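Colleague: I'd like a close look at one part of this model, please, the surroundings of the ligand. Start right there, and then follow the contacts outwards for me.

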Amino acid sequence: MSIAHAHNLIAEAAERLAQPRVSFEFFPPKSEALEAQLWESIRKLEPLSPSFVSVTYGAGGSTRDRTHRTVSRIVDETSLKPAAHLTCVGASREEIDGVLRDYWAAGVRHIVALRGDPPGGLGTPYEPHPEGYASAVDLVAGAKRAGDFEISVAVHPEKHPASATWAHDIENFKAKLANGATRGVSQFFFDADVFLRFRDRLAAAGVDAPIVPGIMPVTNVKGLKKMVDGCGATLPGWLVRLFDGLDDDPDTRRLVAAATTAQLCAHLASEGVEDFHFYTLNRADLTLAICRIIGVRAKEQAA
Ligand code: FAD
């Protein structure tokens, strides 16, 4: 895409009358300093009135209490609608049902139901807990039994690496929907065409549930490489080259991230995408800038 074309897409996105809907993902903080950073970000993003904000669940349930605390504080202290991520890893059905009941009692009404990554690390085979939920399909059904939750699930625009075929991956998403999920939130990707082709595949398979692109504003390609390999996403050569030589220059990396991510979102918006889920990494600045570029405004600014 030429720079002029990218500029036109951004101009079109900013001029569009209907504001895109956005949601924001956070992770539970490990220290007081990180907690302060998270809350500063939440407060800065709150005026954009996101559809929901979600809080991740660490590998193997390692953040169970911290996720619960963060989500409960969002319920108690903000106007935001939180969604709690929950995985099947390392816990029996009974334990997970207990977590779900605690969420319901705390006023949480939205769960992001996931299988989770193998406890042995990305790339190792996944073994379900002997008394646990076997996969996200199973967990969605369990969450629906535990309460009338709204349920989001993961979808994989480049196919989940454990899935032998596209057909299997799409049937798996259909099974999550049949068990009560209402939307798919996508794994991150860096070329708009990857998501648009995936949307076409789902449409061809008769899936009409909403799928929301997961947007990761990349500031550090080196740090991302390992993650990308494990989850089946492709890191395009052009993106790697953009960050060449910038290892010691975080300010320029952030500006490059804002430009490339805004362009990705504007491209998706030009193809009719109306919802965006941002992996904020608990920082507000990049997400705020990109939202502004694609036409998302705080309520009083939009009026
Ligand atoms: P599933 O849908 O259960 O399955 C993944 C793939 O495995 C499917 O595509 C399917 O084809 C295949 N499969 C499923 N069941 C079977 C079976 N019985 N036999 C053979 N193949 C099967 N991880 C965390 O630990 N914590 C988080 O908070 C978290 N948040 C996430 C949020 C989003 C939006 C996304 C996209 C991912 C997130 N993840 C998180 C990562 C996620 O746990 C991994 O991608 C995991 O490897 C797959 O999870 P899933 O829910 O898609 O799994």
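**Around the ligand**

Modeller: A polar backbone atom of Ala136 sits 2.9 Å from an oxygen atom of the ligand. That is a polar contact, meaning a pair of N or O atoms within 3.5 Å (within protein, one must be able to donate a hydrogen and the other to accept it, and residues adjacent in sequence count only if both atoms are side-chain atoms). Please bear in mind that the model is predicted, so local features need pLDDT of at least 70 and side-chain atom pairs count only at pLDDT 80 or more, while totals for chains, interfaces and linings use all residues. Residues are numbered from 1 along each chain as its sequence is written, and side-chain values use heavy atoms, with hydrogens and water left out.

Two further residues make contacts of this kind. Asp117 offers a polar side-chain atom that lies 2.7 Å from an oxygen atom of the ligand. With Gly116 the partner is a backbone N or O atom, 3.0 Å from an oxygen atom of the ligand. In total, 22 residues surround the ligand, and those that come nearest are Tyr57, Asp117, His156, Asp169 and Lys176; a residue is near when one of its heavy atoms lies within 4 Å.

Several of these names lead outwards. Let's begin with Tyr57, which is one of the contacts of Thr67. Contact here means heavy atoms within 4.5 Å. Leaving aside neighbours within four places in sequence, Thr67 meets Pro28, Val55, Thr56, His85 and Tyr103 as well as Tyr57. Thr67 belongs to helix H3, residues 64–77; helices (H or I, at least four residues) and strands (E, at least two) are DSSP runs, numbered from the N terminus. Thr67 counts as buried because its relative accessible area is 0%, where buried is under 20%, exposed is over 50% and partly exposed is in between (1.4 Å probe, protein chains only).

Lys176 leads to Val153, with Lys176 among the residues that Val153 touches. Val153 is part of strand S5, and with a relative accessible area of 0% it is buried. Beyond four places in sequence, its other partners are Ala113, Val140, Phe173, Ala181, Arg183, Gly184 and Val185. Arg183 is 30 residues away along the chain, yet the two C-alpha atoms are separated by 6.4 Å.

His156 takes us to an enclosed space. There is 1 cavity of 30 Å³ or more, and the largest cavity has a volume of about 40 Å³. On a 1 Å grid over the protein atoms alone, a cavity is a set of points where a 1.4 Å probe fits but cannot get out, and lining residues have an atom within 4 Å of a point. Grid points are joined across faces, edges and corners, and the volume is the space filled by probe spheres set on the points. His156 shares this lining with Pro157, Glu158, Lys159, Gln187, Phe188, Cys231, Gly232 and Ala233. By type, the lining divides into 4 nonpolar, 3 polar and 2 charged residues. Ala, Val, Leu, Ile, Met, Phe, Trp, Tyr, Cys and Pro count as nonpolar, Asp, Glu, Lys and Arg as charged, and the others, Gly among them, as polar.

Lys159, one of the lining residues, deserves a second look for its backbone. Its phi is near 75°, a positive value in a residue other than glycine. Lys159 sits in the loop that runs between strand S5 (150–155) and helix H6 (166–178). Ser49 gives another example, with a positive phi near 50°. Ser49 is found in the loop between helix H2 (32–45) and strand S2 (53–55), and its relative accessibility of 38% makes it partly exposed.

For some context elsewhere in the chain, try Trp238 in helix H9, residues 237–242. Trp238 is partly exposed at 35%, and its contacts beyond four places in sequence are Phe190, Asp191 and Thr260. Phe243 lies in the loop between H9 and helix H10 (250–270). At 5% relative accessible area, Phe243 is buried, touching Val218, Thr219, Val221, Arg253, Val256 and Ala257 once neighbours within four places are left aside.

Note on methods:
1 Å grid on protein atoms, 1.4 Å probe; cavity = no way out; pocket = protein on both sides within 12 Å on 5 of 7 lines; lining within 4 Å.
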